[in-house]
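Visitor: I am new to this structure and would like to learn how to read its empty spaces and its ligand site. Could you guide me through them, beginning with the general idea?

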Amino acid sequence: MRYPDNPIIHRGLIPQSDKRLLDPSSVFNPGGYMQQGLYKLILRVQNRARETFLLPASSTDGITFEIAETPLEICGMESFPYPVYHIYDPRPVLLEERLIVVCAVDTSAGCRLAFFELEDTHRLRYLGMPLDQDLRNGVIFPEKIGVHYLMFARPNDYAGSDGVKTGTQIVAYQSPDLQYWEELAPIFAGRPHYWDELIGSGPTPLKTREGWLHIYHGVATHFASANLYQMGVSLQDLERPWITLARSKYNILEPREYYELVGQVPGVVFPTAALSRDYDPEGFLLPEALVNVYYGVADTSIALAQYNLKELIGAAYAE
Ligand code: BMA
């Protein structure tokens, strides 16, 4: 299912008119959304000062992207409570006509999630921090569940052998207004010794007749000095998404190709966007929908894997 010409976006494709982006080191972990039939990505680009920029990209076919020349301007961060180093791994969602982007923020106090709104296609305005906790991999559901907004996120409450804080559990949070958030329920935990020991949500979940399709990453940590990042899928109940209906026993993508195995962080496939054009009039993915999954490879480039929805649902239930 990998696109044959992967990686579809790599550092050689970044326009060279903005001096902050000259000869960049990497472009990876893109957020994605559909707008007026176009595939939109927000790319994470690092330059050789190891500064992070978010760069919009747009495509008519989901494969060839036109990449903006200038990074998104980030404004409103004066009210953020900590010094900020990097804003990264954007997870956009179209919510009631607004484009809300959840980002991870590296701060002097650790990692935080922050919400932004995309304005005029080129500006990200800071809206707030949902919780003052060390969290990453935040995704907001594209519609209210009952009277609440719902977010899955991954508390960073576990120190990996490399000292980097990570986590073993995905948790649901709810909010009446996108501002005040409270913990609702744990979703599921990593499976020690197997493919998904450490976990985190990937793309914004997709609505299907069978449940919310939730793609996540799992890390196997039991290989001597290497962490192996893989991709898996779960189905969450439509009305009560904190209930897991099925969860892939097997990973559905693992580092095998050279571009997944070699790079800044070797052995990483990291799904961050899942986009499709194939919805029914009520907003559910069609049973045979083509789903494009964009994933960061080796923290260096971006690759594409294409699935039929049936395959993804089948993978969640595979014994
Ligand atoms: C995670 C995040 C991602 C990164 C991945 C692999 O913890 O930092 O941004 O792609 O590790 O290094």
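Guide: A cavity is a set of grid points where a 1.4 Å probe fits but cannot get out, whereas a pocket is an open set. Rolling a probe the size of a water molecule over the atoms shows where empty space is left. Please keep in mind that this is a predicted model.

Visitor: How many cavities of 30 Å³ or more does the structure hold?

Guide: The structure holds 1 cavity of 30 Å³ or more. The volume of the largest cavity is about 40 Å³.

Visitor: Which residues line the largest cavity?

Guide: Its lining consists of D89, R91, V102, C103, A104, L113, R136, N137 and G138. Sorted by class, these are 4 nonpolar, 2 polar and 3 charged residues. At least two lining residues come from each of the strands β6 (84-95), β7 (98-107) and β10 (135-140).

Visitor: Let us turn to the open spaces. What volume does the largest pocket have?

Guide: The largest pocket has a volume of about 950 Å³. Its lining is made up of 37 residues, and those nearest its centre are R136, D162, V164, Y229 and D299. Two or more lining residues are given by each of several elements, including β1, β2 (38-46), β6, β8 (110-119) and β10. By class, the lining of the largest pocket has 14 nonpolar, 14 polar and 9 charged residues.

Visitor: Where does the ligand sit?

Guide: The ligand sits in the largest pocket. To read such a site, one lists the residues with a heavy atom within 4 Å of the molecule. Here the residues around the ligand are N29, R44, D89, R136, Y229, V265, F270 and D299. This shell divides into 3 nonpolar, 1 polar and 4 charged residues. R136 and D89 are among the residues around the ligand, and both also line the largest cavity.

Visitor: Which side chains place a polar atom close to an oxygen atom of the ligand?

Guide: The general idea is to look for pairs of N or O atoms within 3.5 Å. In the side chain of D299, an N or O atom is 2.6 Å from an oxygen atom of the ligand. For N29, a polar side-chain atom lies 2.9 Å from a ligand oxygen atom. For Y229, the corresponding distance from a polar side-chain atom to an oxygen atom of the ligand is 3.1 Å. The protein covers 85% of the 310 Å² of accessible area that the ligand has on its own.

Visitor: What volume does the second largest pocket have, and which residues are closest to its centre?

Guide: The second largest pocket has a volume of about 430 Å³. It is lined by 22 residues, of which L94, P142, P205, L206 and Y279 are the closest to its centre. Two or more lining residues come from each of β1, β6, β17 (206-208) and β21 (269-275). The largest share, 4 residues, is that of β21. By class, this lining has 14 nonpolar, 5 polar and 3 charged residues.

Visitor: Finally, I should like to consider the backbone. Which peptide bond is cis?

Guide: The peptide bond from N6 to P7 is cis, with omega near -10°. P7 lies in the segment before β1 (26-35). That segment before β1 also holds D23. Although D23 is not a glycine, it has a positive phi of about 45°.

Key: Residues are numbered from 1 along each chain as its sequence is written. This is a predicted model: local features need pLDDT of at least 70, side-chain atom pairs count only at pLDDT 80 or more; totals for chains, interfaces and linings use all residues. Side-chain values use heavy atoms; hydrogens and water are left out. A polar contact is a pair of N or O atoms within 3.5 Å; within protein, one must be able to donate a hydrogen and the other to accept it, and residues adjacent in sequence count only if both atoms are side-chain atoms. Accessible areas come from the Shrake-Rupley method with a 1.4 Å probe; for residues, only the protein chains shown count as cover. On a 1 Å grid over the protein atoms alone, a cavity is a set of points where a 1.4 Å probe fits but cannot get out, and a pocket is an open set with protein on both sides within 12 Å along at least five of seven lines; lining residues have an atom within 4 Å of a point. A molecule sits in a cavity or pocket if more than half of its atoms lie within 2 Å of its grid points. Ala, Val, Leu, Ile, Met, Phe, Trp, Tyr, Cys and Pro count as nonpolar, Asp, Glu, Lys and Arg as charged, and the others, Gly among them, as polar. Grid points are joined across faces, edges and corners, and a volume is the space filled by probe spheres set on the points.
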